[in-house]
2 protein chains.
Amino acid sequence: MRIEIWSDVKCPWCFVGKRRFEKALADFPHREDVEVTWKSYQLDPTLPEHYDGTEEQYLSERKGIAPEQLRQMWQHLSQQAEGEGLAFDFDRIVVGNSFTAHRFLHLAKAAGRGDAAKEAIMSAHFEQGLDTSDVDVLASLGTGIGLDEAEIRETVAGDRFADDVRRDTQEARTLGVQGVPFFVVDRKYGISGAQPVEVFRQALDTAWQEAHPLVSLTPSADGPACGPEGC
Amino acid sequence: MRIEIWSDVKCPWCFVGKRRFEKALADFPHREDVEVTWKSYQLDPTLPEHYDGTEEQYLSERKGIAPEQLRQMWQHLSQQAEGEGLAFDFDRIVVGNSFTAHRFLHLAKAAGRGDAAKEAIMSAHFEQGLDTSDVDVLASLGTGIGLDEAEIRETVAGDRFADDVRRDTQEARTLGVQGVPFFVVDRKYGISGAQPVEVFRQALDTAWQEAHPLVSLTPSADGPACGPEGC
């Protein structure tokens with residue numbers, strides 16, 4: 001079973017959703033047969049590489065969210081994150097375009113470290129106040145999960161994997177993704193948002209069962225049985 | 001090998017099917033490696049806790065089964081049950097919702113007494129004319145198989161294991177179960193209804209063989225051999 005997850009490095013619900021999905025998957029009997037792939041999505045591709053201001057300024061100035069509403073939103077998000085063992089620190093967030101971070105994620109994916117990189121970069125952004133566009137930060141995160149430092153620096157400096165990021169974004173559009181996180185199972189089922197663990201688990205069960213219907217072991221017809229209409 | 005059996009306390013074919021399945025399993029060479037789990041299913045979740053009428057009234061009034069047809073059905077069922085050593089007494093059956101009985105079965109399952117409880121409660125319902133929603137009946141059945149009386153009473157009074165009953169029901173829907181008994185092997189094979197012993201035995205063999213294909217002991221290719229098409 002192939003699960004593709006569109007998400008942005010700068011999307012708080014994506015981090016919360018990652019945890020919830022992981023919990024559901026850990027409890028799924030066929031987890032060994034599930035292949036998870038992270039796909040790029042940019043909430044705001046118009047951002048400069050480095051935005052001159054805080055997350056609060058960015059969201060109020062560019063997105064028109066009132067400071068009071070923002071604080072309420074963050075409080076709710078922090079609580080939800082805390083429930084998943086995450087310690088968000090919105091006041092230290094470094095605002096900027098996530099394109100370079102996504103190229104870095106594709107480098108990691110090519111090396112089979114996609115999930116570890118996703119985890120490291122989201123923690124860096126939401127918990128540690130690190131600049132995930134910065135080549136030194138990415139070199140440090142990448143070497144921490146076994147990537148080659150020279151390759152990271154070369155990738156960040158050039159435009160390697162830019163096409164992969166664009167292709168993911170285009171695919172999201174094709175699939176009708178309008179927000180992230182967005183989970184796609186076997187290019188057949190969509191699960192939108194950071195759903196509760198139970199919902200992810202139910203979705204996994206349903207998708208698996210649809211793909212693997214029970215094989216009848218009885219030669220011809222059913223044996224005598226009882227149903228809602230009688231026996 | 002994991003076998004899950006969806007069934008309702010109030011389903012006569014489920015009791016007959018239990019006996020037939022047990023006979024097939026007793027004769028199965030790998031029976032020590034088979035784990036049987038009883039799962040909850042409700043034929044009629046809309047029934048009140050206690051229905052004011054006999055089984056005959058219930059089936060004719062609510063299910064529209066004509067009395068004559070009902071007598072024929074019961075005669076056939078009684079004969080089949082007798083063939084499995086069961087003495088059904090349809091005239092003494094206590095009609096009511098099986099939800100509490102299913103919660104009791106989950107309590108027993110948690111204590112490792114799922115099968116004994118299933119046996120006791122079906123006998124109580126079909127052979128002894130007992131009310132399997134009644135706390136005193138359940139306390140008596142439960143202590144008879146080694147459960148703690150205080151825990152039974154506490155469970156019946158509250159709503160413990162209600163989620164387990166609902167989860168089983170939801171799983172049945174996901175698997176496409178439309179009647180019971182329904183046997184699922186390794187979440188891969190389905191066997192519907194109270195099949196003859198031979199059919200269960202054949203299904204066990206097939207499922208085992210599928211899960212344990214012969215291992216080739218020859219290092220590379222096959223040796224020279226003859227088949228229907230020649231040598």
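A:Arg187 lies in the loop between strand 3 and strand 4 of chain A. Phi of A:Arg187 is near 50°, a positive value in a residue other than glycine. In this predicted model, A:Arg187 is exposed, with 10 other C-beta atoms within 10 Å. A:Asp186 occupies the loop between strand 3 and strand 4 of chain A as well. The phi of A:Asp186 is likewise positive, near 50°, and A:Asp186 is not a glycine. A:Asp186 is partly exposed: 13 other C-beta atoms lie within 10 Å. The count for A:Asp186 is above the limit of 12 for an exposed residue and below the 20 needed for a buried one, so the residue falls in between. Strand 3 and strand 4 of chain A form a hairpin with 3 residues between the strands.

The two strands of this hairpin pair in the antiparallel sense over 4 bridges, strand 3 covering residues 182–185. One bridge sets A:Val185 against A:Tyr189 of strand 4. Another sets A:Val184 against A:Gly190 of strand 4. On its other side, strand 3 of chain A is joined to strand 1 (residues 2–7) by 4 bridges. Strand 1 and strand 3 of chain A also run antiparallel. Here A:Glu4 stands opposite A:Val184. A:Val184 thus has a bridge partner in strand 4, A:Gly190, as well as A:Glu4 facing it.

Strand 3 of chain A is covered on both faces. A:Phe182 and A:Val184 are buried on one side. A:Phe183 and A:Val185 are buried on the other.

These pairings belong to an open sheet of 4 strands in chain A. The strand order is 2-1-3-4, and the pairing is mixed. Strand 2 (35–40) and strand 4 (189–192) stand at the edges. Each edge strand has a single partner, so one side of each is left without a neighbour in the sheet. Neighbouring strands of the sheet are turned by 20° against each other on average, direction ignored.

The loop before strand 3 holds a cis peptide bond. In chain A, this bond joins A:Val180 and A:Pro181, with omega about 5°. A:Pro181 sits in the loop between helix 8 (162–175) and strand 3 of chain A. In chain B, the peptide bond from B:Val180 to B:Pro181 is cis, with omega near 5°. B:Pro181 is found in the loop between helix 8 (162–175) and strand 3 (182–185) of chain B.

At the level of the whole chain, chain A has 9 helices and 5 strands. From the N terminus, the elements run β-α-β-α-α-α-α-α-α-α-β-β-α-β. The C-alpha atoms of chain A fill a box of roughly 75 × 45 × 30 Å along the principal axes. Chain A comprises 231 residues, of which 35% count as buried. Among contacts in chain A with a separation of 6 or more, 75% come from residues 24 or more positions apart.

Chain A also touches chain B. In this interface, 20 residues of chain A are in contact with 30 residues of chain B. Helix 9 (197–211) and strand 5 (215–216) of chain A each supply at least two residues of the side that touches chain B. Helix 9 of chain A gives the most to this side, with 3 residues. By class, the side of chain A that touches chain B has 10 nonpolar, 7 polar and 3 charged residues. Strand pairing also spans the two chains. Strand 5 of chain A and strand 4 (residues 189–192) of chain B pair in the parallel sense over 2 bridges. In strand 4 of chain B, B:Tyr189 is the bridge partner of A:Val215.

A helix pair was examined within chain B. The axes of helix 4 (residues 99–110) and helix 7 (residues 149–157) of chain B come within 10 Å and cross at roughly 140°. This angle makes helix 4 of chain B oblique to helix 7 of chain B. The crossing of helix 4 past helix 7 of chain B is right-handed. Helix 4 of chain B contributes B:Thr100, B:Arg103, B:Phe104 and B:Leu107 to the contact. Helix 7 of chain B contributes B:Glu151, B:Ile152, B:Thr155 and B:Val156. By class, the contact between these helices of chain B has 4 nonpolar, 2 polar and 2 charged residues.

Methods
Residues numbered from 1 in each chain as written. Chains lettered and ligands numbered in written order. Predicted model: local features only at pLDDT ≥ 70, side-chain atom pairs only at ≥ 80, totals over all residues. Contact = placed C-beta atoms within 7 Å. Axes fitted to C-alpha atoms, helices over the stretch in contact; angles between N-to-C directions. Parallel < 35°, antiparallel > 145°, perpendicular 65-115°, else oblique. Left-handed = near helix turned anticlockwise from the far one by under 90°. Nonpolar A, V, L, I, M, F, W, Y, C, P; charged D, E, K, R; others polar. Pairing = 2+ DSSP bridges.
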